[in-house]
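Subject: Structure for you to look at

Hello,

Here is the structure I said I would pass on. Please open it first, then read the notes below.

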Amino acid sequence: MSQPTWKTVCNERDLVINSGVVVWLDGAQVALFYLPGAQEQALYAIDNHDPESGANVIGRGLIGSIKGDLVVAAPIYKQHYRLHDGQCLEAPHQRLKVWPVRLQGGVVELDIG
């Protein structure tokens, strides 16, 4: 297993509690969801590109829970993607990329390693 390579993508103050923001990472749009008090972790990083609609809209999706899994509902066709692994609940063959993410000293970092 390789060592993490952490890259700063924004400041903690840029995050919106219980909502998504989108950052640019080496040509990709990444949706960050900040959920303090969530059951597993407080911060999630998932691909912003919705494969069903072809639009970059995941960061605008609604956060919820289905059968104990934290999910984001894609805004256009409403598929639900698990935040921890990107798996689509309605279409198991679809999965969004996820990144390890952390808050470190007031900044948000993604593992790009």
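**What was found**

Cysteine 88 is buried, at a relative accessible area of 1%. Please keep in mind that this is a predicted model. Cysteine 10 is buried as well, with a relative accessibility of 10%. How many disulfides does a search of the whole structure find? The search finds zero.

**The chain as a whole**

The chain has zero helices and 10 strands. Read from the N terminus, its elements run β-β-β-β-β-β-β-β-β-β.

Along the principal axes, the C-alpha atoms fill a box of roughly 35 × 30 × 30 Å. The radius of gyration is 13 Å, which agrees with the value near 13 Å that a compact globule of 113 residues would have.

Of the 113 residues in the chain, 41% are buried. Another value concerns contacts with a separation of 6 or more: residues 24 or more positions apart account for 41% of these.

The chain exposes about 6200 Å², and carbon and sulfur atoms supply 49% of that area. As for charge, there are 9 positive and 12 negative charges in the chain, and the mean positions of the two groups are 1 Å apart.

**Two buried residues to find**

Start with alanine 31, which is in strand 3, residues 28–34. Is alanine 31 buried or exposed? Its relative accessibility is 0%, so alanine 31 counts as buried. Leaving out residues up to four places away in sequence, alanine 31 touches Val21, Val22, Tyr44, Ala45, Ile46, Asp47, Asn48, Ile58 and Gly59. You can also check a distance here: the C-alpha atoms of alanine 31 and asparagine 56 are separated by 9.4 Å, and the two residues are 25 residues apart along the chain.

Then go to glutamine 79. This residue is found in a loop, the one between strand 6 (69–73) and strand 7 (80–82). Glutamine 79 has a relative accessible area of 9%, which is under 20%, so it is buried. Which residues does glutamine 79 touch, not counting those up to four places away in sequence? They are Asp50, Glu52, Val72, Ala73, Ala74, Cys88 and Glu90. Cys88, one of these contacts, is the buried cysteine from the start of these notes.

**Two residues with a positive phi**

Most residues other than glycine have a negative phi. Two residues in this chain are worth a look on that point.

Asparagine 18 is not a glycine, yet its phi is positive, at about 60 degrees. Where does asparagine 18 lie? It lies in the loop between strand 1 (6–11) and strand 2 (19–25). With a relative accessible area of 51%, asparagine 18 is exposed, because the cut-off for that word is over 50%.

Lysine 67 is not a glycine either, and its phi is positive at about 50 degrees. The loop between strand 5 (62–66) and strand 6 holds lysine 67. Lysine 67 is exposed too, with a relative accessible area of 83%.

Please go through these residues with the structure open.

Regards

Key. Residues numbered from 1 in each chain as written. Predicted model: local features only at pLDDT ≥ 70, side-chain atom pairs only at ≥ 80, totals over all residues. Heavy atoms only, no water. Helix = DSSP H or I, 4+ residues; strand = E, 2+ residues; numbered from the N terminus. Buried < 20%, exposed > 50% of the residue type's maximum accessible area, 1.4 Å probe, protein only. Contact = heavy atoms within 4.5 Å. Disulfide = S-S within 2.5 Å. Rg over C-alpha atoms; globule rule 2.2 N^0.38 Å. Areas by Shrake-Rupley, 256 points an atom, 1.4 Å probe, with all protein chains shown as cover. Lys, Arg positive; Asp, Glu negative; His and termini not counted. Charge placed at Lys NZ, Arg CZ, Asp CG, Glu CD.
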